[in-house]
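Please look through the structure below with its secondary structure in view. The paragraphs after it take the sheets and the helix contacts in turn.

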Amino acid sequence: MTTLTTESTAVTGAVGTARTRVEGLAKVTGAARYAGEIPYAELAHGWLVLSTIARGRIRSVDAAPVQEMPGVLAVLHHGNAPRVDADYVGMLGKPDPTLAVFQHDRVPSVGWPVALVVAETSEQAREAAEALVVHYDEDPHDVAFFAGRPGAYTPENPPGLATEQGDLEAGLAASAVVVDAEYTTPEEHHSSMEPHAATARWEGGRLEVVDSNQGSMWVAQELASLFSLDPASVRVRSEHVGGAFGSKGVRAHQVSAVMAATVLQRPVRVVLTRRQMFSLVGYRSPTAQRIRLGADADGRLRALDHQALNLTSTVHEFVETSAAMARVMYDADAHHTVHRVVALDVPTPTWMRAPGEAPGSFALESALDELAEKAGVDPIALRARNEPRVGPVSGLPFSSRNVLACFQEGARRFGWADRDPRPRLRRDGRWLLGTGTAAATYSSGVAPSTAAATAEPDGTFTVRITAADVGTGARTALALVAADALGVAPDRIRMKIADSDFGPAMVAGGSMGTRSWAWAVSLAARGLREQLALGGTIPPQGITVRSDTTEAVGALAQQERHSFGAQFAEVAVDVATGEVRVRRMLGIFAAGTIVNPLTARSQLIGGMTWGLSMALHEEAIRDQTSGAHVGPDLAGYHFAANADVPLIEADWVDDPDDDDPVGIKGIGEIGIVGAAAAVANAVWHATGVRHRDLPIRPDRVILAEAGRATVGERDAGHRR
């Protein structure tokens, strides 16, 4: 036994210092294994077969010839698959019916799972899956999404999808300056570096799943409900995740792997292909948004109206809450927002990094820039003029709101004061140059979580929590939080994460993960420190203190809790070729205590890069005739490559959350918010032409320039 107290070697100040990832060496040397790489004895491989029609029914599955192919062990489909129960309410509500794979013969979209071929090797499974013939009875389908689409409606759930304060039409009529514009964003896809993968096996009467996910407890609970199992008999682990961005929840590959493992009584792995990910793991819905702003001559808002439309599937409602940002950012006498959806024969959309705020900020912050132009007010001054004292819709106080500090610091560092507001004045050879700015915000939530901290006999500490490090550096941040709470050096902390056996914890999503987990880790570590301060010896099994933040989180006062930021961009536009080059970007954020500046800056720069990609590149095209994607791969779906990414700087202002034990707010989403609008506003400043449809492709720039020239010639003719 060992006698140990933390006081003799007290160390503080780990939080806020730059630290490399604790698992970094394992990742760069290949020692860190991902879900699709872990070996198992007698491992079988499953390959999903997806529908090739957009709507109809399966008439038959010609499984017999495939079952005779080399290595094939089973072909599961709606005629023989184990039954599951999808009529339940899980951690995040009712499940998408896609999880109930192979339960009926209906096909609601292209890419719907219709069969799983299992074989001894992945090559055999793929060959057999591609040989499987499925016969369909095809029905007419509808995948067309556009502004003003008939059949749009506001869902009943979640509540609060429409808000209304004041007389909107009267406010618009009384305004000296009015903006009334429509903005569109296309379908976008997560395309995480690591494909979705899951291995399922039965071991000692328990179902064990090794997965790539955003919350092992979440996946375990959903699988227990689907298969009517005792939750204690399901264990899910997901130690290393190569990107998620909202897509790595419970999907068809985990469910089908469990089905096959149950039928064959041996481990089964299912890994999705890149093309399958375009159909099976969700995506960001396209949006059509109408913004109406009415203001006095000095730019003070009298009326704000944000109407947002997105598509959803015919089997499961999903709302892209694009108008949510308007409810937080700007004050107005009349304030209206509404979300509508239209159900089409497509896969169900899902959360994608900064859901709602990413497309919503493009529309809202572009409209604010248009208002600034019309009113002759500097865009930053306009935003300052419309700063709310409390939540514009909720009326609740802000926990803190330092957006203007972000703009002030950003303007100083970007050189905003030297900017001539008139468009199309700066040139660099064939390039027109422009600068733009936009605001950013994302909610700062927290959810109940549990953790355990153990003092080991060797003088180290083990912290266990069902957190998910999806590439953000959460594991390292939590080690720093634990070190400070215990008063020891970070190298004495061993973090164990992503195992559902560790107990309930928040998923990695909504910028809530690290804040929720850090609260639980801090509480457990402080409790352990207090116990160790009493003295005594450490037994061989160690001393463990557990925490549960349910009561503390429930006691939080109702407030508007958000991170904020200011985005700046400089672009160069060649109007002859339509090429747009972003030359530099700067983001300044107010996002609570920054636990690890090294990984935090990477997160923010990554989000800003995604915003650049959103502005100029990303666009998934769906063929109206087939209902399927055109080019569902990384050759057909364009995103920013290294050559497209300029100097990007990200920094922050002091902004701790006093109601949080560590002061955390959350940074996972906010980097992307407003970035596309800043680029689009810079393109206007460079060219004098507004782009209200993303992405700003070369053909759109060329057409806009042609239209501008035509208008200029007509105006010149009128003057003559």
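How many bridges join strand 4 to strand 6? Five bridges join strand 4 to strand 6 (residues 113-119), and these strands run antiparallel. Across this pair, Ala74 stands opposite Val118 in strand 6. The model is predicted, with local features requiring pLDDT of at least 70 and side-chain atom pairs counted only at pLDDT 80 or more, while totals for chains, interfaces and linings use all residues. Residues are numbered from 1 along each chain as its sequence is written, and side-chain values use heavy atoms, with hydrogens and water left out. Helices (H or I, at least four residues) and strands (E, at least two) are DSSP runs, numbered from the N terminus. Two strands pair if DSSP finds at least two bridges between them.

Strands 4 and 6 belong to an open sheet of seven strands, in the order 4-6-2-13-10-11-12, with mixed pairing. Strand 4 (72-77) and strand 12 (234-237) are the edges; each has a single partner strand, so one side of each is left without a neighbour in the sheet. On average, neighbouring strands of this sheet are turned by 20° against each other, direction ignored. Angles are otherwise taken between N-to-C directions and run from 0 to 180 degrees; axes are lines fitted to C-alpha atoms, for helices over the stretch in contact.

Two helices pack on this sheet. Helix 5 (residues 216-226) touches strand 11 (206-211) and strand 12, and its direction makes about 145° with that of strand 12. Contact here means heavy atoms within 4.5 Å. Helix 6 (residues 252-264) touches strand 2 (44-50), strand 4, strand 6, strand 10 (197-203), strand 11 and strand 13 (268-271), and its direction makes about 30° with that of strand 10.

Helix 5 is mostly covered, with nine of its 11 residues buried. Buried means under 20% relative accessible area, exposed over 50%, and partly exposed in between (1.4 Å probe, protein chains only). Among the buried residues are Trp218, Glu222 and Leu226. Their cover includes strand 11, strand 12 and helix 6. After helix 5 comes Ser228, with a positive phi near 55°.

Other strand pairs involve strand 3 and strand 14. Strand 3 (residues 56-62) pairs with strand 5 (residues 106-107) in the antiparallel sense over two bridges, and Arg57 has Arg106 in strand 5 as its bridge partner. Strand 3 is also joined to strand 7 (residues 133-138) by six bridges, again antiparallel; there Ile58 stands opposite Tyr136.

Strand 14 (residues 287-295) is mostly covered: eight of its nine residues are buried. Nine bridges pair strand 14 with strand 9 (residues 177-185) in the antiparallel sense, and Val179 has Leu293 in strand 14 as its bridge partner. Strand 14 also pairs with strand 15 (residues 301-313), antiparallel and over nine bridges, with Arg292 opposite Asp305. Strands 14 and 15 form a hairpin with five residues between them, and Gly299 in the turn has a positive phi of about 95°.

Further along the chain, an open sheet of five strands has the order 17-18-24-25-28, with mixed pairing. Strand 17 (426-428) and strand 28 (647-652) stand at the edges, each with a single partner strand, so one side of each lacks a neighbour in the sheet. The twist averages 30° from one strand to the next. Strand 17 pairs with strand 18 (residues 431-443) in the antiparallel sense over three bridges, and Asp428 stands opposite Trp431. Helix 11 (residues 403-414) lies across strand 18, strand 24 (562-574), strand 25 (579-590) and strand 28, running at about 30° to strand 24.

Helix pairs complete the walk. The axes of helix 12 (residues 474-486) and helix 13 (residues 513-532) come within 8 Å and cross at roughly 30°. These two helices are therefore roughly parallel to each other, a label for angles under 35 degrees (over 145 is roughly antiparallel, 65 to 115 roughly perpendicular and the rest oblique). Residues meeting in this contact include Leu478 and Val481 in helix 12 and Trp517 and Val521 in helix 13. By class, the contact has 12 nonpolar, two polar and three charged residues. Ala, Val, Leu, Ile, Met, Phe, Trp, Tyr, Cys and Pro count as nonpolar, Asp, Glu, Lys and Arg as charged, and the others, Gly among them, as polar.
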